[in-house]
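Here's a quick briefing to read with the structure open beside you. Pull up the residues as you go.

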Amino acid sequence: MRLYLLFLQRNLHNKLSMPALIKLLRSGIAACLCLLLITTQVQAANLQLKMADDLPRKFKKNIRAHLGELPTTEAEREGFVFTAHDKTKAALQALGYYRSHINIRINKEAQHNNHQVWRLFIGVKLNEPTRFDDILIDIQGEAELDPKFFELITNIQSKLLKSGDVVDHGVYEEVKSKISSLALDRGYFDGKFAQSRLAIRQDFKSADVELVYHSGRRYYLGEVQYSEFDLDPEILDVLVPFDIGEPYTSQRVIQFQNQLQQTQYFGNTLVVPDRKDAVNQLIPLKVTLGETNSHFVDVGIGYATDTLFRISTSWRTPKINRYGHSQETRIEYSQINPTGRFTYRIPLSHPIRDLLQFQVTLEDDEYGGLVSKYLEGRVANVRIYDKWSAQYYLRYLTEGWRIQDYADDEVDNGSYLMPGAIFSRTMRSGPQLDPSWGFSQFYIFEGGAQSVGSDTNILRAIGRWRFITTPMRRHRIVLRAEVGISDIFDESKSNLPPSLRFFAGGDQSIRGFDYQSQGPTEIINEGELAGEEVVVGGKRLALASVEYQYYFTEKIRGVVFSDAGNATDNIRIDPVYSVGLGLHYISPVGAIRVDFGYGISEDDPSWKLHFSLGAEL
C-alpha cells in the first residue's frame, strides 16, 4: 500500500493527464481491495474452536452462542481466549449445570491451510445438575380470580416448572414471559413482577423460584374512534365484535381488525388500544383506515387436464358507494368451457356475514357427448354463520344443448326457475394449504315445478365430503365421496339439461378417465352418426376415492390412489374403477398435482395424465 502511495505521489508531481490519472486510481483501488480480501481471509482463520465429541449437542450449541463470533484480528483473538472459560461457565449454568468442570487448552502452533493458527479446545465434565426445589408462583390483584391465569399457572406447574427438574434459565424466562403476555392479552396493562427470583443454593444442588406478579386492575373495552372514512357509519358499527364495558382481550381487537380487512373496503387497517386516553379503566380503540384502489384488474393463466389451458381476467370494484356495494366481473376462456360472470353484492345486516347477491352467468361447456350453452340469473342471500356458510337463492336457467357433432340447428332447449339452498362447512388443523387434518362438507338442495316457471318438475340434491388425516409423521390419507340425484319423476330425461345431469371422470372425479366421459349412453338412430354411442349423463351419481400420500420432504409427496363410481339413471350403479400414482408439490398457492390414473375396469385401458392446482379443502 505504501509503495503504491509513493508511486502515486511521484506521478502527480509529473502532472499526469486526467484519463491516465483515472486509470491509475482504478488500478490502485483494485489492488487495495485485493490486499484487504487476502488479509481478511488470513485473519478470519486465526483461531479454530473444538469441543469434546461426547458433549451433548444442546450444550455445544449454547456454549457457541455465549462465545459469539470467532475472532478476525489478533486483539479479538486474545479477548476471545481470555473470556472463553467464563462464557462457557455461564452457558452451562444457564442449562442447570453449576458443578461442571471446564478444561481450556490452547495450541498456538497449529497449522491450517499452510497458515499458523491457534486451536482452542474446550473440555467439559458436566457432573450432577442443579434441580428446582421450592417453586412459588403467586398472582395478585384482579388477575388472581381470572380463570385464564388459573389455567396458565396450572399448566406451568404441571409441565414447565416442576420440583426435581433440572434448572433451565430459558424455561424460567419463558414462564415469566407467558405470565406477562397473558396479562397484556387480558387487559392488565399495569401489571408487573413484584418479585422474580431464581436462587441457587450454596451447595449448587438445588434452586428455588419465587415469582410474585401484581396484575393491577383490568381494563375494559371503550368506544371506537375511527379515522376519516366515506362509508355509512352503520356498516362499520356492526363489525365491532364487543360491547363497550366488556373486559379487554387482544382476541377481540384482532377479530375486529380482521373483519375490517375482510370487507375489502380499505387498503389496510390498524386497531390500537389507546392507554393514555383511558378513563375509569375504559380503554378506547383508535382505528386507522387506509384508502384502497377504486378498481382492481387481474389477469391469470392456468392449465388443468379437465379444462385445458385457461385464460382469465377479472375487474373488481370493492366499494361502489357509501352503502358498501361491490361488484366483480370475471371472464374465463378455455377450449372446454368459456365462462362469463357478473356479480353485484349489497350488504344487508352485516357487510361480511349477510349479503344480497345478484349474479348473471353465461357459459359454454362440454358434457360427455353433449355440448351446452346456458344463461343463468341468480338472486341470493349469502350468509356466514359461526360454523356454516349458506346461500339461499332463486335462480332462472335457460339452456340449449345438442349432441356434440350435430348441426347447430338441432338443439334442445329448456327453462327452469328453481329456488334452492347451499350449505358448506370446513374444519382443518395445520397449514392452510396443506392441513394435517380436515373435514369439508358441501350440500345443494334445489327444485322447480312446471306450475311456477319450469319446463319440467325437478328435485335435486348433491352432497360432497372430503376427509384428511395424518396418522403418522409423513403419512397422510385423503378420503373423498360424492352423491347426487336429479329427480324428474316420470318425465323423459330429454327434458333435463346437461348442466343438471351427472357425469363422471376427470381430475376431481375418477382419475384414469377423461373429463365427464363416463355415464349413461345413448345410441344415435339417425343422420350421419347413426349407430354411434354417446355419453349423455345420468340422473344419479355416486363417487368415492381413497388416496395415500407419503411426504419425501415438507414440500414434495408421493401419491397412490384408487377411485371408483359412476353416473346412472337408476338406483343400481355400474361403477368404473381406477388406480394410479402421482407426485405433488406444495406451492405457495396450493398443491401442484401431477397424477397418472389407470382405468382397471376398461377392456383396453391406458394411463391418463391429470394435472391440477389448488387447495384440497
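What follows is a short tour of charge pairs, two polar residues, a surface patch and an annotated domain. Keep in mind that this is a predicted model.

**Salt bridges**
- Side chains of opposite charge can pair when their charged atoms come close.
- The count for this model comes to 32 salt bridges.
- One of them pairs Arg-201 with Asp-133, with the closest N and O atoms 2.9 Å apart. That pair ties together distant parts of the chain, 68 residues apart: Arg-201 sits in the loop between β5 (192–200) and β6 (206–214), while Asp-133 is in strand β4 (residues 131–140).
- Arg-201 counts as partly exposed because its relative accessibility is 30%, and Asp-133 gets that label at 27%.
- Glu-332 and Arg-330 make another salt bridge, at 2.7 Å between the closest N and O atoms. Here Glu-332 is buried, at 18% relative accessible area, whereas Arg-330 is partly exposed at 30%.
- Arg-378 and Glu-376 meet through their side chains in a salt bridge of 3.2 Å, N to O. Arg-378 is buried at 13% relative accessible area, and Glu-376 is buried too, at 6%.
- Arg-378 and Glu-376 also belong to a salt-bridge network that takes in Arg-395, Glu-446 and Arg-460.

**Lys-319**
- Look for Lys-319 in the loop between β11 (308–317) and β12 (326–334).
- Despite being a loop residue, Lys-319 counts as buried, since its relative accessibility is 19% and the cut-off for buried is under 20%.
- Its side chain makes a polar contact of 2.9 Å with the side chain of Asp-230.
- Beyond its neighbours within four places in sequence, Lys-319 is in contact with Asp-230, Leu-231, Tyr-265 and His-325.

**Gln-261**
- Gln-261 lies in helix α8 (residues 250–262) and is partly exposed, at 34% relative accessibility.
- Its side chain reaches the backbone oxygen of Gly-267 at 3.4 Å.
- Setting aside residues up to four places away in sequence, Gln-261 touches Phe-266, Gly-267, Asn-268 and Thr-269.
- For a sense of scale, the C-alpha atoms of Gln-261 and Arg-540 are 42 Å apart, with their positions 279 residues apart along the chain.

**Surface patch**
- Tyr-548, Val-560, Leu-581, Phe-596, Trp-607 and Leu-609 make up a nonpolar patch on the surface, together offering about 590 Å² of accessible area.
- Val-560, one of the patch members, is in strand β24 (residues 556–568).

**Annotated domain**
- An unreviewed UniProt entry places "domain: TamA POTRA" at residues 57–117.
- In the model, that span is 52% helix and 25% strand, and its end C-alpha atoms lie 25 Å apart.

Terms used:
Residues are numbered from 1 along each chain as its sequence is written. This is a predicted model: local features need pLDDT of at least 70, side-chain atom pairs count only at pLDDT 80 or more; totals for chains, interfaces and linings use all residues. Side-chain values use heavy atoms; hydrogens and water are left out. Helices (H or I, at least four residues) and strands (E, at least two) are DSSP runs, numbered from the N terminus. Buried means under 20% relative accessible area, exposed over 50%, partly exposed in between (1.4 Å probe, protein chains only). Contact means heavy atoms within 4.5 Å. A polar contact is a pair of N or O atoms within 3.5 Å; within protein, one must be able to donate a hydrogen and the other to accept it, and residues adjacent in sequence count only if both atoms are side-chain atoms. Patches are made of residues with over 30% relative accessible area and no salt bridge: like charges are joined within 9 Å, nonpolar side chains (Val, Leu, Ile, Met, Phe, Trp, Tyr) within 5 Å. Accessible areas come from the Shrake-Rupley method with a 1.4 Å probe; for residues, only the protein chains shown count as cover. A salt bridge is a side-chain nitrogen of Lys or Arg within 4 Å of a carboxyl oxygen of Asp or Glu. UniProt positions are given in the numbering used here, feature names are shortened, and annotations may be inferred rather than shown by experiment.
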